[in-house]
Amino acid sequence: MAHDENETSPERVFSLFEANQLIPQLQSHLSTVQQGKAVLLQTRDEVRKASANSNLGGGTPVGIHYVKSLQDISANLHAIHELGVVVKDIDLGLCDFPHVRDGRVVYLCWKLGEKEIRWWHEVTTGYKDRCPLEDPA
């Protein structure tokens, strides 16, 4: 199997069934990540001001929310990574699952809000180049 120098073999490959079984977990993890990102965006100006005044003692009431959001994002992205799933876009909730198709590794492609995985793409391409899976019937 030819691959890019920077590309590594996946630690885990998924069957379509296995990948679909992870969707409820991914929905939970990605929702938490998106909520955490929203808190970071809401508090960033206040946190910047506190950081700029850190030599004067700094601090801000939103600091605890900011730090908790960073921790939540980190923990949930780590949990997804530990499953063997690749997060491609936090805002879209876009995830790829290494999968063997016709003897080569490709990605099953899923986006938050989709009920099941119905798309795939080459490891060298992305979301815009995804192709529909055939009906298993």
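Two strands are taken to pair if DSSP finds at least two bridges between them. By that criterion β3 and β4 pair, since 4 bridges join these antiparallel strands. The tour below moves through a predicted model, starting with the overall layout.

**The whole chain**

Display the complete chain as a cartoon. The secondary structure amounts to 3 helices and 5 strands, and from the N terminus the order of elements is α-α-α-β-β-β-β-β. Of the 137 residues in the chain, 29% are buried. Among contacts with a separation of 6 or more, 46% are between residues 24 or more positions apart.

**Helix α2**

Select residues 23–52, which form helix α2. The C-alpha atoms at the two ends of this helix lie 41 Å apart; 30 residues at 1.5 Å a residue should span 44 Å, so the two values agree. Next, centre the view on arginine 44, where α2 has a kink of about 55 degrees.

Now show the buried side of the helix. Its buried residues are Ile23, Leu26, His29, Leu30, Val33, Gly36, Leu40, Thr43, Val47 and Ala50. To see what they pack against, add α1 (16–21), α3 (63–83), β2 (94–101) and β3 (104–111) to the selection.

**The sheet**

Hide the helices and keep the strands. They form an open sheet of 5 strands in the order β1-β2-β3-β4-β5, with antiparallel pairing. At the edges stand β1 (86–89) and β5; each has a single partner strand, so one side of each has no neighbour in the sheet.

Begin at the β1 edge. β1 and β2 run antiparallel and are joined by 3 bridges; valine 86 stands opposite aspartate 96 in β2. The hairpin of these two strands has 4 residues between them, and glycine 93 there adopts a positive phi near 70 degrees.

Move on to β2 itself. This strand is mostly covered, with 7 of its 8 residues buried. β2 pairs with β3 in the antiparallel sense over 8 bridges, and the bridge partner of histidine 99 is valine 106 in β3. Only 2 residues separate the two strands in their hairpin, where aspartate 102 in the turn has a positive phi of about 50 degrees.

Return to β3 and β4, the pair with which the tour opened. Select leucine 108 together with tryptophan 120, its bridge partner in β4.

**The cysteines**

Which cysteine sulfur is nearest to that of cysteine 95? Select the cysteine side chains to find out. The structure holds 0 disulfides. Cysteine 95 is in no disulfide, and the nearest cysteine sulfur, that of cysteine 109, is 8.8 Å away. The cut-off for a disulfide is a sulfur pair within 2.5 Å. Cysteine 95 has 0% relative accessibility and therefore counts as buried. Cysteine 131, by contrast, counts as partly exposed because its relative accessibility is 30%.

**Salt bridges**

Show the charged side chains. The structure holds 9 salt bridges; three of them, and one network, are visited here.

Start with arginine 101 and glutamate 134, whose side chains meet in a salt bridge at 2.9 Å, N to O. This pair links distant parts of the chain: arginine 101 belongs to strand β2, and glutamate 134 to the segment after β5 (131–132), 33 residues apart. Are the two partners buried or exposed? Arginine 101 is buried, its relative accessible area being 14%, whereas glutamate 134 is exposed at 54%.

Go next to arginine 130, which forms a salt bridge with glutamate 114; the closest N and O atoms are 2.8 Å apart. Here too the pair links distant parts of the chain, 16 residues apart: arginine 130 is in the loop between β4 (119–122) and β5, and glutamate 114 is in the loop between β3 and β4. Arginine 130 is buried, with a relative accessible area of 15%, and glutamate 114 counts as buried at 17% relative accessibility.

Then select aspartate 129 and lysine 128, which form a salt bridge with closest N and O atoms 3.2 Å apart. Aspartate 129 is partly exposed, with a relative accessible area of 33%; lysine 128 is exposed, with 74%.

Finish with Asp102, Arg104 and Glu122, which salt bridges with shared partners join into one network.

Note on methods: Residues are numbered from 1 along each chain as its sequence is written. This is a predicted model: local features need pLDDT of at least 70, side-chain atom pairs count only at pLDDT 80 or more; totals for chains, interfaces and linings use all residues. Side-chain values use heavy atoms; hydrogens and water are left out. The expected span of a helix is 1.5 Å times one less than its number of residues. The bend at a residue is the angle between axes fitted to the seven residues ending there and the seven starting there. Buried means under 20% relative accessible area, exposed over 50%, partly exposed in between (1.4 Å probe, protein chains only). Contact means heavy atoms within 4.5 Å. A salt bridge is a side-chain nitrogen of Lys or Arg within 4 Å of a carboxyl oxygen of Asp or Glu.
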